[in-house]
Amino acid sequence: MSMPIATTQPVERETYLNAKYGVWSWLLTTDHKRIALLYLISITFFFFIGGFFALLIRLELLTPAGDLVQADTYNKLFTMHGMVMIFFFLIPSIPAVLGNFLVPLMIGAKDLAFPRINLLSWYLYIIAGLMMLHCMLTGGVDTGWTFYAPLSTNFTNTKIVEAGLAIFISGFSSILTGLNFVVTIHRMRAPGLTWSRLPLFIWAHYATSIIQLLGTPVVAVTIVLVAAERALHLGIFDPKLGGDPVLFQHLFWFYSHPAVYIMILPSMGVISEVIACFSRKRIFGYHFVAFSSIAIAVFGFLVWAHHMFVAGISVYAALVFSFLSYAVAVPSAIKVFNWTATLYKGSIHYDAPMLYAFGFLGLFSVGGLTGLFLAALGINVHVTDTYFVVAHFHYIMVGGALMGYLGGLHFWWPKISGRLYPEGWARLAALVVFIGFNLTFFPQFLLGYMGMPRRYYDYSHMPEFQILNVLSTAGATVLGVGYLLPMVYFLWSMRYGKPAPDNPWNAAGLEWKTASPPPTFNFDEEPVVTWEAYNYEELDAPPRTQEVPVGR
Amino acid sequence: MYFGIWAALLVGTFVTYKAAFIELGPFNAAVALGIATIKATLVALFFMHVWHASEKLTKLVVIAAVFFLLLLLGLTMSDYATRPWS
Amino acid sequence: MADSTLVGLQHGEEHHPELLHHFAEPQQQRDAASLGMWVFLATEVMFFGGLFCAYLVYRRWYFGDFGAASKSIDATLGATNTAVLICSSLTVVLAVWAAQTARRMLLVVMLGITMILGLAFLGIKAIEYKDKFEEHHVPGASFSFENVPIPGHPGQFANPRHAQIFFSLYFVMTGLHALHMIIGLGIFSWLFTMAWKGRFTPEWHTPVEIGGLYWHFVDIVWIYLFPLLYLIDRHP
């Protein structure tokens, strides 16, 4: 391929965007890139719905008294915030948008293994999303996103079955995406692309897919049991009929803990790509980072009862799970060390994606370390169900996963849209997000440690907590602005942004060896890979002179 | 060869059925599940062609599925089995 | 566009009509389909696994009551159903062999017999469910399980609430299994139609193979359900 020359005139070449026009060419597409964009629009929509609920929550918490909404309504707000953000934003986000778009490109394939199943995944997601929307508009659910029995099975009169069905269907969307990725990565790599030459983004998505495949079915069948119990009073989770509510928690968390790794692993994959590119270096300890992804996927299945330390499980089981929870932190730490080592003596460029990566490194580390606080049984008893937990998981989910998503969107935006986003605004937005995030969630660590319980709409018996809550709400407003900015300038760039060359970052990876945006079938010729991953030395080497060294 | 496996499966079913009526105490469950596992293994290895699978990957997928199932059952039981000790 | 579909072919060979354009060659497509089905079956293992987990917990807690409840379902019908499914697995594997060796008539016959056996299984299941309905053993408002002795403990009667848990798991597990059978019958009727039209050849009969894998899996689930549900405690 010729060296990319920055051009100001868009060449009217066929790309996946202009290959066919018309609504049906999008709604019936099997092109993984178009499906990725369909997901991008849908999950952005649900992100703002979830964000709207967050806004109402934070508004309520501005004052100690429960004066904005009633208790029942507040219960519905935090429940819907959680369900929408987790099942309809975070879990699909990177895999369904960036993964769908990039996995075939990064491995030199023309599409995923099962393009029609990919489209089906999106439709299942939409059906589930519409069902969830309908559920929310007609009363919603008030049990918390964790819908514990027997509240969810016996006592609540909100729309559990409908919400459960929506989550069930979205689960199948997730399973099918994972299935597609696993088969694609095994079967459709370009010649020469061995496992050790794969981008770490691919390793991360492979590990994520394993979790999606093996974990989601368990929560799916649990939802079936909850629905059956609700309809027929079977007694499976009802203590009055001989059932055990803790069994629900075991089955629920068996999926929901690995689910958090579904949410963070793809983001870690993005970070690997971004850090390598903007340090102009191969990721330090490539194999450690690759295998740590698999280790996180496997170990993630061993720790679920750390959500149940105070639920009534046996102390001996709690000990085992606490120990295992410390173990699961190790592979994540290995990644952080290796990313940091990559930065050392790298040639750092502070473009927007890299700013998000820096944000990720700091915030994920805080979130991860506070997880260790929670894994300690003694501390857990005091901070469980307080804002400490809320802050912990938001540091990882928002400070980690969402930063990775935004960083990835920026990094690959030229490839996806064929346009460059405005760099100045992007750096500003990254800064606003970082400041807003910390202002929102750091006070919550303090609140939790001091004893403010989560899921309470009224804290008037602890009015001293107001100042920190006010800070948190102020931060949330700033954070909201930070999220709106990219929406605006990405849309702006689609019309007015500078056309992007094939490889604006001079990055390593097969996706950069094809046009921006790519043609429908990705590559003009099937690539044959003869180089190692992250070959930044070659990419940055000065152009060869005419002389050919003797002996080659 | 398929007929041989088929016959073994039917014999296994018959033995399981008959053995259930004999008083073996806790071994009833072990016998029944043991025979069931043998039958399942035969179906997987020979009817589903895992034995002659050209790739290790097929076997790995089967082993992984069984492993994670046992993880679910085993670690959950680690709670229930040790609750009386608390 | 036409050029792209030819990318990846070597030596100017005609591509097989069933080859999808994003694959380079038929073997890759076959391998992808096969791996896809195996991975899907792994998810199914976990799907049923959640139910087995619930079953395991309650069987340990309420062994006597579960024994009493288990004794009230018909083990002979259960054993018959097991034999029916085992025979159907045999016919499936023979169908795959028939497809591999271009024996169209045998393939069609084997697929047909498989479906008949599947229907027989569902029929026997229906009889069992009817019996349970008549005995008021279906969980819900009209459930009743009074004065049923616990096997091996003369004088002790089963707790109806715990028996209801058994029957809940019984109906959910066998019901889910039956649903998978019905889906299997749907898949096989499609295979039957395709085979009848002669669409399968030794070079391409992937749907038969992966449909077969699915059917065997459903058989394996039943192989475990039978002893666990029907044979808990049958001693006289």
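A salt bridge, as the term is used here, is a side-chain nitrogen of Lys or Arg lying within 4 Å of a carboxyl oxygen of Asp or Glu. In this predicted model, C:Glu134 and C:Lys130 fit that description, their closest N and O atoms being 3.3 Å apart. Both residues belong to helix α5 of chain C, which covers residues 104-134, and they are separated by 4 residues, about one turn of the helix. Of the two partners, C:Glu134 counts as exposed at 52% relative accessibility, while C:Lys130 is partly exposed, with a relative accessible area of 44%.

Chain A offers a pair with the spacing of about one turn as well, this one in helix α15 (residues 423-450), where A:Arg427 and A:Glu423 lie 4 residues apart. The closest N and O atoms of this salt bridge are 2.9 Å apart, and A:Arg427 is partly exposed, with a relative accessible area of 34%.

Another salt bridge of chain A joins the side chains of A:Glu532 and A:Arg197, with 3.1 Å from N to O. Here A:Glu532 sits in the loop between α16 (466-496) and α17 (536-540), and A:Arg197 sits in the loop between α7 and α8, so the pair ties together parts of chain A that are 335 residues apart in sequence. Each partner is partly exposed, A:Glu532 with a relative accessible area of 39% and A:Arg197 with one of 21%.

Salt bridges also link A:Asp244, B:Asp79 and B:Arg83 in a network. Over all chains, the count of salt bridges comes to 14.

The interface between chain A and chain C has a different basis, for the count of salt bridges between these two chains is 0. What the model does show there is a contact formed by 40 residues from chain A and 37 residues from chain C. Together the two chains bury about 3300 Å², and 74% of that area is on carbon and sulfur atoms. On the side of chain A, the residues that lose the most area to chain C are A:Lys110, A:Arg187 and A:Phe521, which together account for 18% of what that side buries. Polar contacts are present across this interface too, with 10 residue pairs found where both residues have pLDDT of 80 or more.

As for where the touching residues of chain A come from, the elements that give two or more of them are α5 (115-137), α7 (160-187), α8 (200-232) and α9 (245-279) of chain A. Among these, α8 of chain A supplies the largest share, 8 residues. Sorted by class, the side of chain A that touches chain C has 26 nonpolar, 5 polar and 9 charged residues.

Within chain B, the division is into domain 1 (1-52) and domain 2 (53-86), whose C-alpha centres lie 21 Å apart. The contact between them involves 4 residues of domain 1 and 4 residues of domain 2, and the two domains of chain B bury about 300 Å² between them, 58% of it on carbon and sulfur atoms. Of the area that domain 1 buries against domain 2, B:Val50, B:Trp51 and B:His52 supply 90%, more than any other three residues. The side of domain 1 that touches domain 2 consists of 2 nonpolar and 2 polar residues, with no charged residues. Between the two domains of chain B the count is 0 salt bridges, but 3 residue pairs are in polar contact, with both residues at pLDDT 80 or more.

How values were computed: Residues numbered from 1 in each chain as written. Chains lettered and ligands numbered in written order. Predicted model: local features only at pLDDT ≥ 70, side-chain atom pairs only at ≥ 80, totals over all residues. Heavy atoms only, no water. Contact = heavy atoms within 4.5 Å. Buried area = accessible area lost by both parts, 1.4 Å probe. Polar contact = N/O pair within 3.5 Å; in protein donor to acceptor, adjacent residues only side chain to side chain. Nonpolar A, V, L, I, M, F, W, Y, C, P; charged D, E, K, R; others polar. Domains from an automatic or database assignment. Buried < 20%, exposed > 50% of the residue type's maximum accessible area, 1.4 Å probe, protein only.
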